[in-house]
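Biologist: I am new to this structure and would like to learn how to read it. Could you walk me through it, one feature at a time?

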Amino acid sequence: MKILRIYSDNPDGRHISEAVDTLRDGGVVIFPTGSLYALGCDALNHRAIERLCGIKGIDPARHPLSLVCADLSQAAEYVRIDNTAFRTLRHYLPGPFTFLLPAALRLPRIFKGRKTIGLRVPSSPIARALAEGLGHPLMCTSVALDDPDELAEPESIAMHYAAEAQLLIDGGTGSTQGTAIIDLSDSSAPEILREGPVEFEG
């Protein structure tokens, strides 16, 4: 596994381009999100998604899947956002939230048949730069380690996934807490499925 050290507040364009090339080649990249570090791949590459799901032991037909987008404009191609949902998303994103939204028609093959998709626009400029550079979303899932205290440490994450991921972006110490999960499939009645580091007030 290659490790790139990038300043989170001002990502180096050359390093972002290298990571984007890895994603385009079907590789799995570990990157900071502002909450837990995440494993990510090109959301339009079926083989890359299968590889990522294999790493985490995820059945893509049953497990909730999330997209990391650069912004709401990019997200609007893959999830349906009504006016009420848009106001909520604009208020809370970028930030440590995963919003469940109705799936749009333009979806990668592996997402077909799903009623909802998890949407993330992370607070980390690195994560958003990857989606911007790729030109479409990443599919992502949070890293998982036996010791919860090591979830924030890039070195520990790199050791754990050394044989499985192609590249890790070290953006410094992360968080040990995942995002809040908010169901916005009915935007008139948001439902908090999991609390996160930032309170959701509806």
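Biologist: Let me start with the sheet: in what order do the strands of the open sheet stand?

Modeller: Before we look, keep in mind that this is a predicted model. To read a sheet, follow which strand pairs with which. Here 10 strands line up as β1-β8-β2-β3-β7-β4-β6-β5-β9-β10, with mixed pairing. The edges are held by β1 (2-5) and β10 (191-194); each has a single partner strand, so one side of each has no neighbour in the sheet. On average, neighbouring strands are turned by 30° against each other, direction ignored.

Biologist: How many bridges join β4 to β7, and in which sense do these strands run?

Modeller: Three bridges link β4 (residues 66-68) with β7 (residues 138-142), and the two run antiparallel. To see one pair on screen, find Ser66, which stands opposite Cys140 in β7.

Biologist: Which strands of the sheet does helix α4 touch?

Modeller: Helix α4 (residues 83-92) packs on the sheet against β5 (97-102) and β6 (116-120), and its direction makes about 165° with that of β5.

Biologist: Which residues of α4 are buried, and which are exposed?

Modeller: Ala85, Thr88, Leu89 and Tyr92 are the buried ones. Looking down the axis of α4, you find these buried residues within an arc of 95°, so they line one face of the helix. Asn83, Arg90 and His91 are exposed on the other side of α4. As for what the buried residues pack against, the partners are α3 (72-75), β5 and β6.

Biologist: What caps the N-terminal end of α4?

Modeller: Look for a side chain that reaches a backbone nitrogen there. Asp82 does the capping, with a side-chain oxygen 3.2 Å from the backbone nitrogen of Thr84.

Biologist: What should I notice in the loop between α4 and β5?

Modeller: First, the general idea: most peptide bonds are trans. Now find Pro94 in that loop. The peptide bond from Leu93 to Pro94 is cis, with omega near 0°.

Biologist: How many of the residues of β5 are buried?

Modeller: Six of the six, so β5 is largely enclosed by the rest of the structure. With β9 (residues 180-183), β5 pairs in the parallel sense over four bridges, and Phe97 has Ala180 as its bridge partner in β9. With β6, β5 also forms four bridges, but in the antiparallel sense; there Phe99 stands opposite Leu119.

Biologist: How many disulfides does a search of the whole structure find?

Modeller: Zero. The cut-off to remember is that the two cysteine sulfur atoms must lie within 2.5 Å. For Cys41, the closest cysteine sulfur is that of Cys53 at 7.3 Å, which is too far for a bond. Both of these residues are buried: Cys41 has 0% relative accessibility, and Cys53 has a relative accessible area of 2%.

Biologist: One last residue, His136: where is it, and is it buried or exposed?

Modeller: You will find His136 in the loop between α5 (125-134) and β7. The relative accessible area of His136 is 14%, and the limit for calling a residue buried is under 20%, so His136 counts as buried.

Biologist: What does the side chain of His136 make a polar contact with?

Modeller: With the side chain of Asp42, at 2.7 Å. Setting aside neighbours within four places in sequence, the residues in contact with His136 are Asp42, Leu44, Gln74, Tyr78 and Ala131.

Technical notes. Residues numbered from 1 in each chain as written. Predicted model: local features only at pLDDT ≥ 70, side-chain atom pairs only at ≥ 80, totals over all residues. Heavy atoms only, no water. Pairing = 2+ DSSP bridges. Axes fitted to C-alpha atoms, helices over the stretch in contact; angles between N-to-C directions. Contact = heavy atoms within 4.5 Å. Buried < 20%, exposed > 50% of the residue type's maximum accessible area, 1.4 Å probe, protein only. Arc of directions from axis to C-beta. Polar contact = N/O pair within 3.5 Å; in protein donor to acceptor, adjacent residues only side chain to side chain.
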